[in-house]
Amino acid sequence: MEYLPLDPNKNEIRVLILKDPPETSSNSVLVECTLEHVSLDDYSDQYKTFLKLDGSDKPFRLQSTLWEVITVWEADFGKYPGKIPNPSHWGSSLAQGFSRDPVYDDTSFRSASVYEWGHLYALSYEWGNQTATAEIVVDGHRVTVTKKLHDALRDLLSWWYGNTQKNKPARLWVDALCINQKNVRERNAQIKLMEQIYGTAASVLIRLGPGLEHGNDKETWELLEEVYRVTAETTATDPAGRAALRAPDNWAAWAGICELAIRPYWKRLWIIQEVFLANSTSKIYFGNWFSKPWTFFKTIEIMQSDYRLISNVYPEMNDNFNLAFVNVQPLLILYSSQNFSDILVLLNAARRAKQADIKDKVYGLLGLMDEHIRAYVTPDYHQSAAEVYRNFAVAVIKATGKLNIIYQTSTSSERALQVPSWVPDWASPSEDGIFYQLAFIEHYYKDATADGGTSHTFIEPENPGHLVCRGFKVGSIATLACSVWEVDHDDHDAVIGAHDGGKPVYDGHEGVKEAIWEVLTYGRSTKAELAVKAWLLDIPYFDGHGAEQPILDALNRFQQCNLDFVVDGRRLASYFPQWTDRYETSPDDPDLYRILAVTMVPLICQRFIITRKGYIGFVSRSAKAGDQVFILKGCNVPLILRPRDDNTYHMVGEGYISGLMNGEAVKGLEAGDYEECDIILS
C-alpha cells in the first residue's frame with residue numbers, strides 16, 4: 001500500500017474509516033477500512049465560537065477541558081446535561097477567565113464536534129509481538145498489521161456497528177496505519193500533532209486486550225461501575241461503599257482488576273500521553289466490556305490505600321496485588337497528581353516503559369510536556385538517540401533555567417548510550433532506577449534550595465558534550481560508609497569508613513545525632529511533629545535484634561554493615577540508644593510510617609558520607625573518596641563531581657548533605673568563604 005502525501009500546511013492527518021461488515025460476517029471475514037485525509041485546522045462553527053470567546057489564549061490542555069465542560073461534561077461528581085455547570089465545581093485553574101457566555105446554552109453545542117468533518121476517535125492499544133501478524137484490507141489492499149491491532153479493530157468494529165453509532169462512520173486515528181512509519185520526515189511532523197489528536201478526540205478508545213482468563217468479566221465490570229458510583233456520589237470517603245468493595249463475594253472482580261493491571265499494555269511508553277490526554281468520555285475495553293480509564297485508576301488507588309484490609313480478606317491474592325501496583329504505579333502517580341508540569345516526574349514515569357525506538361523516551365511524551373519545554377524540542381528521528389537525549393536535556397535547562405534534570409543521570413557504569421555524564425540516559429534503567437523514580441514521587445528534594453533559588457544561564461559551548469556552569473566548591477568526600485546494596489552483593493572492596501572524616505560542623509553529640517537522622521530521612525525528621533521526631537531518635541542500635549518488619553530491616557542491616565564507621569570520633573552505634581526488649585517496632589502513626597518507608601530506599605541505593613569539613617550526607621553509591629562537593633547556580637541540591645584530566649568534571653550524582661540543603665553555602669559565598677568559578681561538566 002502506498003500513502004498519498006499529507007499537506008503539512010493544512011495540519012493534515014489520515015483517519016481510518018471502518019466499513020460496516022456484512023450481516024453474515026464472521027471472524028473469517030477480513031476487517032475492511034479506508035484512509036481519508038482530514039485537516040486539524042477545519043474547526044466546526046461551534047468550536048470557532050468557543051476559541052473566540054474562551055479558548056485562544058489558554059494552554060491546549062485547558063482548552064480541551066473547557067470544551068468538554070461546554071459540550072459533554074462527565075466528572076467524578078456526575079453528569080451536567082444541558083446547562084453549563086457552576087464554575088465553583090471546577091477549581092480555580094479551570095474557572096479562571098471563562099465567560100460562561102449564554103451562547104453555550106444553545107442546543108447546537110450539546111455533543112458538538114471539534115471538527116467540521118465530524119468526531120475524531122483515537123485508538124490506544126498494545127503493539128505486542130511484531131512477528132505475530134494478521135491481515136486487514138485498507139483501500140482495497142491487503143495490509144499486514146500486528147495481531148494486537150487486528151484484534152482491536154475487530155472488537156471496535158463489532159461494538160461500533162452493533163450499537164447506536166451504526167449510521168455514523170467511525171473516523172479512527174491509529175498510529176501504525178495513519179502515519180507512514182517508513183517516512184521519517186512525516187513521523188517527525190506527526191509527532192507534534194499528538195497532543196491535538198488525543199486531546200480533541202471525542203473519545204480515546206483504550207484496548208486492554210481480550211476478556212479475562214482468570215477473573216470474571218461481568219463481575220469485574222460491575223466492580224468498576226460500583227467504584228464509579230461510590231466516588232461520584234460522595235466527596236468524602238464512603239465507609240459503607242468502600243466496605244462493600246471488599247466484600248468476599250467480590251473475589252472474582254478483584255482478581256479481574258489485578259489481571260487487567262498486570263497486562264503488558266501499561267508498560268508501553270506511548271500510552272502515557274494517550275491515556276492522560278483523553279477526555280472523561282473515553283473508554284477502556286476488555287473483550288466486550290467497557291468502562292472509564294479514570295474509574296480503573298480509582299479502583300487501583302482504592303486497592304492500594306486499602307491494601308491491608310483487602311489482603312486480609314483475600315490473602316491468596318497478595319502476589320497479584322503487588323504485581324498490579326508495580327505495573328501501573330508510574331501511571332497511578334500521574335493520575336493522582338494530574339501535574340504534568342513537573343518534567344522530572346513525567347520522565348521518570350516513562351523510564352522503565354517499553355518502546356520500539358529509544359528516542360521515544362522523549363518524543364513519546366511531548367504531548368504532555370510544558371509548552372515552554374516543547375518549544376525547544378524539534379522531533380528528528382534522523383538524529384542518534386545520544387543526540388536526542390543531549391538536546392532534550394539542553395531544552396529543559398533553557399526552558400526552566402534550572403539544572404535539576406542533570407542529576408537524573410544514571411550512576412551505573414554501564415550506560416546504554418555514550419552520552420556526557422550530565423545527560424540523563426533514559427534508556428538505562430540502572431540499579432538506582434528505583435531510587436530516582438521514588439525520589440520525585442516522594443519529592444525527596446522538593447523543598448531543597450541549596451543554590452539559594454538561583455537560575456542557570458545557558459551558554460552554548462564549543463564542544464556539544466560540555467555544559468558550562470557557574471558555582472563553587474564546598475568540600476570533598478573524606479570517608480564513605482557501606483550501603484546495604486553492597487552487603488547484598490558482597491562488594492566490600494570499595495567501602496571506606498574504618499577511619500574518621502572531618503570534624504562535624506554540628507553542635508555536639510546531640511547535634512550530630514540529629515544531623516544523622518536528618519540525612520537518613522532526607523530532612524523529614526526536622527519537619528516532623530515532636531512526638532514523631534522523638535520516636536525516630538529513640539530507634540535503637542539493633543545489634544542483630546528485632547527489626548523483624550521490613551520497614552526497619554534496611555536500617556538494621558545498614559547499622560550492622562557499618563560497625564566500624566566513625567563519626568566525630570565515635571562509632572556509629574553510639575548515636576542510637578541501646579536495644580531493649582521493650583522497644584516497640586510497630587508505629588501506629590501513618591506519618592511516621594511514611595517517613596520510615598521513604599528512609600529505607602536511600603539506605604539501599606545511596607551511601608552515607610562525611611566530607612573533609614565534617615558535613616554528613618547521603619550520595620550516589622558510585623561516589624569515591626576525593627570526589628568534590630559543588631553548589632551550582634540553578635541546581636537545588638549539592639552535586640558530587642569528579643575532576644578529569646582535561647579540567648572538566650564528571651557528574652557522579654547528587655547528594656543530600658545536612659547543612660547545605662537550604663542555601664547555607666550561598667551565605668558562605670557571600671561572606672567570602674568560597675570562590676565562584678566556571679565549572680565545565682563533560
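These are my notebook entries on one sheet, one serine and one strand of a predicted model.

**Ground rules.** In this predicted model, local features need pLDDT of at least 70 and side-chain atom pairs count only at pLDDT 80 or more, while totals for chains, interfaces and linings use all residues. Residues are numbered from 1 along each chain as its sequence is written, and side-chain values use heavy atoms, with hydrogens and water left out.

**Entry 1, the open sheet.** I looked up the strand order and found nine strands (DSSP E runs of at least two residues, numbered from the N terminus) running β7-β6-β2-β1-β8-β5-β9-β10-β11, with mixed pairing. Strands pair here if DSSP finds at least two bridges between them. β7 (141–146) and β11 (289–291) are the edges, each pairing on one side only. Next I checked β10 (residues 283–286), which pairs with β11 in the antiparallel sense over three bridges; I284 stands opposite S291 there.

**Entry 2, S113.** I found S113 in the loop between α3 (92–95) and β5 (121–124); helices are DSSP H or I runs of at least four residues. S113 is buried at 13% relative accessible area (buried means under 20%, with a 1.4 Å probe and protein chains only). Its side chain reaches the backbone oxygen of G118 at 2.9 Å.

**Entry 3, β17.** I saw that five of the five residues of β17 (628–632) are buried, so this strand is largely enclosed by the rest of the structure. Q628, F630 and L632 point one way, V629 and I631 the other. Five bridges join β17 to antiparallel β12 (residues 467–480), where F472 stands opposite I631. β17 also forms a hairpin with β18, with six residues between them, and V629 has I640 as its bridge partner.

Notes:
Buried < 20%, exposed > 50% of the residue type's maximum accessible area, 1.4 Å probe, protein only. Polar contact = N/O pair within 3.5 Å; in protein donor to acceptor, adjacent residues only side chain to side chain.
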